[in-house]
Amino acid sequence: MSTILGIDIGGSGIKANLVDTATGELRAERFKLPTPDPSLPQEVAAVVGKMVEHFQYQGPVGCTFPAIVKDGVTLSAANVHKSWIGCRAAELFGSVTGQQVLVVNDADAAGVAEVAFGAARERSGVVVILTLGTGIGSAVFLDGRLLPNTEFGHLQFAGHESVEDWAAASVKDTENLSWAAWASRLDAFLQHLDKVLSPDLIVLGGGVSRKWEKWAHGLTVDVEVVPAALRNEAGIVGAAVLAARHFAPDG
Ligand code: BGC
């Protein structure tokens, strides 16, 4: 059972694909639908149901969500509707789809994909992966093993309650910052993470990682920093890999 449906729930879109969890390869055309607005649990679950129907899929499903997720329950809601706090998301998606669904944090899933198949492949030591989008997601690995739900985007920094309100990629647009101005904010945050974690590698993902040459030269932090390799599909791939490990640990 190595082909598993991965679903990536984001603030603006929900996308899915079949993933070969042994190789990370995508097995079909990606299917994407807009995230309902407001992003209420029932409405989002209905879209998750459509994803499963679209692929006529039966089997375990891996699904990301942009929040703290413990035992299938979403425990925060920074960029989604507040009614997700305390929502039994895995149960809800399971009842709508009729399949077993593992729900995981989106950045953790993206990180798992980068460690398994991407920019952090075969890297030992402490690896930090940040996803730069509407918010800042984080995933931390020690010798390839995930420390889940780190939420570095919600560290207080530079006078902000959450550093993502100051340094996420979306802030570049909302505040009309130049690449250099935005990169210097990100750099200050990376320096802070270096001070407290001494990572061996930092991987930066999210849409801005595709424009790496426009801003990466603005980073001065004394750590190896590389762009994510899987880009857009990392969440889908990581969710499927985590579901494979969770539901069929020997298969
Ligand atoms: C959420 C995280 C998520 C990140 C990226 C943050 O606002 O709290 O759980 O990983 O955004 O989507």
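**View 1. Asn 176 in the loop between α5 and α6.** Asn 176 lies between α5 (169–174) and α6 (179–197); helices (H or I, at least four residues) and strands (E, at least two) are DSSP runs, numbered from the N terminus. The model is predicted: local features need pLDDT of at least 70, side-chain atom pairs count only at pLDDT 80 or more, and totals for chains, interfaces and linings use all residues. Residues are numbered from 1 along each chain as its sequence is written, and side-chain values use heavy atoms, with hydrogens and water left out. Asn 176 is not a glycine, yet its phi is positive, at about 55°. With a relative accessible area of 69%, Asn 176 is exposed. Here buried means under 20% relative accessible area, exposed over 50%, and partly exposed in between (1.4 Å probe, protein chains only).

**View 2. Ser 198, a positive phi in the loop after α6.** The loop that holds Ser 198 runs between α6 and β11 (201–205). Ser 198 has a phi of about 45°, although it is not a glycine. Ser 198 counts as partly exposed, at 48% relative accessibility.

**View 3. Ser 162, a buried loop residue.** Ser 162 sits in the loop between β10 and α4 (164–167). Its relative accessibility is 10%, so Ser 162 counts as buried. Apart from neighbours within four places in sequence, Ser 162 is in contact (heavy atoms within 4.5 Å) with Gly 153, His 154 and Leu 155.

**View 4. The cis peptide bond between Asp 37 and Pro 38.** Omega is about 0° at the bond that joins Asp 37 and Pro 38. Pro 38 belongs to the loop between β3 and α1.

**View 5. Strand β2, paired with β1 and with β3.** Two strands pair if DSSP finds at least two bridges between them. Strand β1 (residues 3–9) runs antiparallel to β2, with seven bridges. The two form a hairpin, with three residues between them. Strand β3 (residues 31–34) is also antiparallel to β2, over four bridges. Ala 16 of β2 takes part in both pairings: Ile 7 stands opposite Ala 16, and Phe 31 in β3 is the bridge partner of Ala 16.

**View 6. The two covered faces of β2.** In a regular strand the side chains alternate between the two faces of the sheet. On one side of β2 are Gly 13, Lys 15, Asn 17 and Val 19. Ile 14, Ala 16, Leu 18 and Asp 20 are on the other side. All of these residues are buried. With eight of the eight residues of β2 (residues 13–20) buried, the strand is therefore largely enclosed by the rest of the structure.

**View 7. Gly 49 in helix α1 and its contacts.** Gly 49 is part of α1 (residues 41–54). Gly 49 is buried, at 8% relative accessibility. Not counting residues up to four places away in sequence, Gly 49 touches Val 96 and Thr 97. Gly 49 and Val 96 are 47 residues apart along the chain, but 5.8 Å separate their C-alpha atoms.

**View 8. Gly 94 in helix α2.** The helix covers residues 89–97. Gly 94 has a relative accessible area of 16% and is buried. Gln 99 and Val 101 touch Gly 94, leaving out residues up to four places away in sequence. From the C-alpha atom of Gly 94 to that of Val 61, the separation is 8.9 Å; along the chain, the two are 33 residues apart.

**View 9. β7 beside β4.** Strand β4 (residues 61–65) and β7 run parallel, joined by five bridges. Across this pairing, Cys 63 stands opposite Val 103. β7 is mostly covered, with five of its five residues buried.

**View 10. The second largest pocket, between the two domains.** The chain is divided into domain 1 (3–107 + 234–246) and domain 2 (119–228); these bounds come from an automatic or database domain assignment. Over C-alpha atoms, the domain centres are 24 Å apart. Eight residues from domain 1 and ten residues from domain 2 make the contact. Both domains give residues to the lining of the second largest pocket, so the pocket lies between them.

**View 11. The lining of the second largest pocket.** The pocket holds about 460 Å³ of space. A pocket is an open set of points on a 1 Å grid over the protein atoms alone, where a 1.4 Å probe fits, with protein on both sides within 12 Å along at least five of seven lines; lining residues have an atom within 4 Å of a point. Grid points are joined across faces, edges and corners, and the volume is the space filled by probe spheres set on them. Of the 21 lining residues, Leu 102, Val 103, Val 104, Leu 242 and His 246 are the closest to the centre. Elements giving two or more residues are β5 (69–70), β7 (101–105), α3 (106–117), β10 (145–147) and α8 (234–247). β7 gives the largest share, five residues. The lining has eleven nonpolar, five polar and five charged residues. Ala, Val, Leu, Ile, Met, Phe, Trp, Tyr, Cys and Pro count as nonpolar, Asp, Glu, Lys and Arg as charged, and the others, Gly among them, as polar.
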